[in-house]
Amino acid sequence: MYLFHNERQASSILRNYHQKLEAIARDRQQQDRIISDRDYPTEVLILRPQQTQGLPLVLLGGMGPIAGLEGFKQAIALCGDSREIILFQACFLPDRTIPIQQNSIALKCELIMLLKIAIERAVKMVSSPHQPIEIIVLCNSAHYFLHRVWKQLKEHSPTIAQQLKHYSLVESTCQYLQEQNLRYPLILGTEGVRLGKVYSQPLESRGIAYSEPNQLLQNALMDCIYGGVKALNRELACKLGKQLLPKLLSNQGNIDCIIAGCTEIAYLLQWIKEDGDREMIKMINSLNVIDPVNLALQRTIKENQPKKL
């Protein structure tokens, strides 16, 4: 467990944790092994200020851990020392895409059960007396299973379920698109997000004309996510991303934004920008990239501001 009591302490601790993740990834690469989220340890990172005014916030990460860490950093940057923030890196969870791809009832049931356990374990780490406990599940593809997870919690862990207020990445994104009158998003996510219609179905129900990559480009995107970002292989991620991005944009129609429907997408774009290719930087800067994690975090802040009389 990584525990710190203020935002200032967080910087060095989070840097050490990031280096630990990189070391694990390098070790797997040297063994010529394909790394998965489950190769990383289940960890808990806690910002626990001495005094808090805001509601506690639980972030369920670990899918993959680098994306969970990014969500935690965003939460600390936005909230500072005003609330207890817990990142539960549930790396023991199996890949979310496989049960959706295979349409396996057994695999889906296993994942639902493990998501429920992860939420229960995360909530038990909260020490703040304030309620409700706000929770954001940082994995987009996990949202395919969440309505069944909440049902299981209500039936089998009602005390925990009653404490929780969930902020959905999908609902936060759909709400933002409508508020900003964005009508033609391009959804970039895992194969699980695409097949599970995690974003496409809610967008369609709201009359928003989304687009998605064709199967060939989707396969290339999966390589960027899994072989690149999840494996912390920055060189490969940048190489594949630079090849993919122009094709993605040239194969779409009149899009007005990109939904980063996988938490690794933001990392991928940032790495490409930092790689220093002027044309790529210009291309990325011209994009209106919607980050669902940031939107959900912004909602937790907005909805907890004191009401003006």
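A salt bridge is a side-chain nitrogen of Lys or Arg within 4 Å of a carboxyl oxygen of Asp or Glu. Keep that in mind for the opening stop of this tour. The model in your viewer is a predicted one.

**Stop one: Arg28 and Asp27**

Select Arg28 and Asp27 and show their side chains. They meet in a salt bridge, with 3.0 Å from N to O. Now add a surface and look at how the two partners sit. Is Arg28 buried or exposed? Arg28 has a relative accessibility of 15%, so it counts as buried. Asp27, by contrast, is partly exposed, with a relative accessible area of 32%.

**Stop two: Asn6**

Go back along the chain and pick Asn6. You will find it in the loop between strand 1 (2–4) and helix 1 (7–30). Asn6 counts as buried because its relative accessibility is 17%, and the cut-off for buried is under 20%. Next, select Gln9 as well. A polar atom of the Asn6 side chain lies 2.9 Å from the backbone nitrogen of Gln9. Which residues does Asn6 touch, once its neighbours within four places in sequence are left aside? They are Leu47 and Asp81, so add both to your selection.

**Stop three: two cis peptide bonds**

Zoom in on Met63 and Gly64. The peptide bond that joins them is cis, and its omega is about -5°. Gly64 belongs to the loop between strand 3 (57–61) and helix 2 (65–79).

Then move to Gln131 and Pro132. Here, too, the peptide bond is cis, with omega near 5°. Pro132 sits in the loop that runs between helix 4 (105–123) and strand 5 (133–137).

**Stop four: the largest cavity**

Time to look inside. Rolling a probe the size of a water molecule over the atoms shows where empty space is left. How many cavities of 30 Å³ or more does the structure hold? There are 4 of them.

The largest encloses about 90 Å³ of space. To outline it, select Ala67, Glu70, Gly71, Gln74, Leu138, Ala260, Cys262, Thr263, Ala266, Asp291 and Val293. Which element gives the most to this lining? Helix 2 does, with 4 residues. If you colour the lining of the largest cavity by class, you will see 6 nonpolar, 3 polar and 2 charged residues.

**Stop five: the second largest cavity**

Keep Cys262 selected, and add Met63, Cys139, Ser141 and Thr190. These five lie nearest the centre of the second largest cavity, which has 15 lining residues. Met63 is familiar from the cis bond it makes with Gly64, and Cys262 from the lining of the largest cavity. The second largest cavity holds about 70 Å³ of space. Its lining is made up of 5 nonpolar, 6 polar and 4 charged residues.

**Stop six: Glu191 and Arg194**

Select helix 8 (191–195) and show the side chains of Glu191 and Arg194. Side chains of opposite charge can pair when their charged atoms come close. Glu191 and Arg194 form a salt bridge, and their closest N and O atoms are 2.7 Å apart. Why are they about one helical turn from each other? Glu191 and Arg194 are 3 residues apart in helix 8, which means about one helical turn separates them. Glu191 is buried, with a relative accessible area of 7%, whereas Arg194 is partly exposed at 22%.

**Stop seven: two residues with positive phi**

Step on to Lys197, in the loop between helix 8 (191–195) and helix 9 (200–205). Its phi is positive, about 55°, although Lys197 is not a glycine. Lys197 is partly exposed, with a relative accessible area of 47%.

Now jump to Leu232, in the loop between helix 10 (215–230) and helix 11 (234–250). Leu232 has a positive phi of about 55° and is not a glycine either. Is Leu232 buried or exposed? At 15% relative accessibility, Leu232 counts as buried.

**Stop eight: Arg299, Glu303 and a network**

For the final stop, select Arg299 and Glu303. They form a salt bridge whose closest N and O atoms are 3.4 Å apart. Arg299 counts as buried at 18% relative accessibility, while Glu303, at 32%, counts as partly exposed. Then select Asp37, Arg96, Lys230 and Glu264, which salt bridges with shared partners join into one network. In total, the structure holds 15 salt bridges.

Conventions
Residues numbered from 1 in each chain as written. Predicted model: local features only at pLDDT ≥ 70, side-chain atom pairs only at ≥ 80, totals over all residues. Heavy atoms only, no water. Buried < 20%, exposed > 50% of the residue type's maximum accessible area, 1.4 Å probe, protein only. Polar contact = N/O pair within 3.5 Å; in protein donor to acceptor, adjacent residues only side chain to side chain. Contact = heavy atoms within 4.5 Å. 1 Å grid on protein atoms, 1.4 Å probe; cavity = no way out; pocket = protein on both sides within 12 Å on 5 of 7 lines; lining within 4 Å. Points joined across faces, edges and corners; volume = space filled by probe spheres on them. Nonpolar A, V, L, I, M, F, W, Y, C, P; charged D, E, K, R; others polar.
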